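Student: Please take one part of this model and go through it closely. I would like the surroundings of a single buried side chain, set against the rest of the chain.

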Amino acid sequence: MERLSKSEIIRQHKQMEMAAREILVLNNSELKRLNLDPEIIESIQLARSLKGGALKRQTKYIAKKLKLEPIGEILEQLKRTKGSKLQENQFHHQAEHFRDAIINEALSEKEQCLIEGRAFEMDWPSSAIDATLAEFSDIDEKDVRRSVYQYVKTRNKVHYRELFRAMRAAVQRKKITDQDGQIND
């Protein structure tokens, strides 16, 4: 299991808070369609009567409780109901996470190569690339390795963005295939 960075944990928590804020403005019929735990619905009802700091604390509490719920379904419902962009942001952050994991591992490997006096090769052993390929089987490993290798060698942001685009496309393809699988079930 890969350890999340502090900034990634903060980013995920902020996304939960944004989801909680969007849920707070839903009317009762829209709220029922989310199929949330009764305790969360009770907390939402309470939060609607609060103001200022109390509302902020209650929103944080609701966000904490939302972490225990299937957030993908909740974000999809918010998107359909209110045109929420939270789900899109989630895919963006997921692509960033995979890109950064691969890049950081490659930079560490290059540094280790310099210490040991050997050349950094494009086919270095990479657990981050293996994990990415396990998650997204349709990614072209050669393209990923080429982009990472070029970025590590030159620090040219073109290769960094190229890798991000590949990760984002893979995340979006997976989302589509997952939705198709749910429809066909």
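Tutor: What follows starts with one arginine and then moves outward to the helices and cores.

The model is a predicted one. Arginine 145 lies in helix α8, which covers residues 141-154. Its relative accessible area is 11%. Because the limit for a buried residue is under 20%, arginine 145 counts as buried at that value. The side chain of arginine 145 reaches the backbone oxygen of methionine 122, at 3.1 Å. Apart from neighbours within four places in sequence, the residues in contact with arginine 145 are Met122, Asp123, Trp124, Ser126 and Ile129.

A second arginine, arginine 155, sits in the loop between α8 and α9, the latter being residues 157-184. Arginine 155 has a relative accessibility of 49% and so counts as partly exposed. Its phi is near 60 degrees, a positive value in a residue that is not glycine.

Helix α8 also takes part in the largest nonpolar core, which has 25 residues. Those with the most contacts inside this core are Ile102, Phe120, Val144, Val148, Leu163 and Met167. The elements that contribute two or more residues to the core are α6 (86-116), α7 (127-135), α8 and α9. Helix α6 gives the largest share, eight residues. Phenylalanine 120, leaving aside neighbours within four places in sequence, is in contact with Ala106, Glu109, Lys110, Cys113, Tyr149, Val152 and Lys153. A second, separate core has 19 residues, among them Leu36, Ile74, Leu75 and Leu78. In soluble globular proteins, nonpolar side chains tend to be buried together.

As for the chain as a whole, there are nine helices and zero strands. Buried residues account for 37% of its 185 residues. Of the contacts between residues at least 6 apart in sequence, 62% join residues at least 24 apart. The chain exposes about 11,500 Å², and carbon and sulfur atoms supply 51% of that area.

Helix α1, residues 6-24, can be checked by its length. Its 19 residues should span 27 Å at 1.5 Å a residue, and the end C-alpha atoms are 27 Å apart, so the two values agree. The buried residues of α1 are Glu8, Gln15, Met16, Glu17, Ala19, Ala20, Ile23 and Leu24. An α-helix has 3.6 residues a turn, so residues three or four places apart point the same way.

Conventions. Residues numbered from 1 in each chain as written. Predicted model: local features only at pLDDT ≥ 70, side-chain atom pairs only at ≥ 80, totals over all residues. Heavy atoms only, no water. Helix = DSSP H or I, 4+ residues; strand = E, 2+ residues; numbered from the N terminus. Buried < 20%, exposed > 50% of the residue type's maximum accessible area, 1.4 Å probe, protein only. Polar contact = N/O pair within 3.5 Å; in protein donor to acceptor, adjacent residues only side chain to side chain. Contact = heavy atoms within 4.5 Å. Expected span 1.5 Å × (residues − 1). Areas by Shrake-Rupley, 256 points an atom, 1.4 Å probe, with all protein chains shown as cover. Core = buried A, V, L, I, M, F, W, Y, C linked by side-chain atoms within 4.5 Å.
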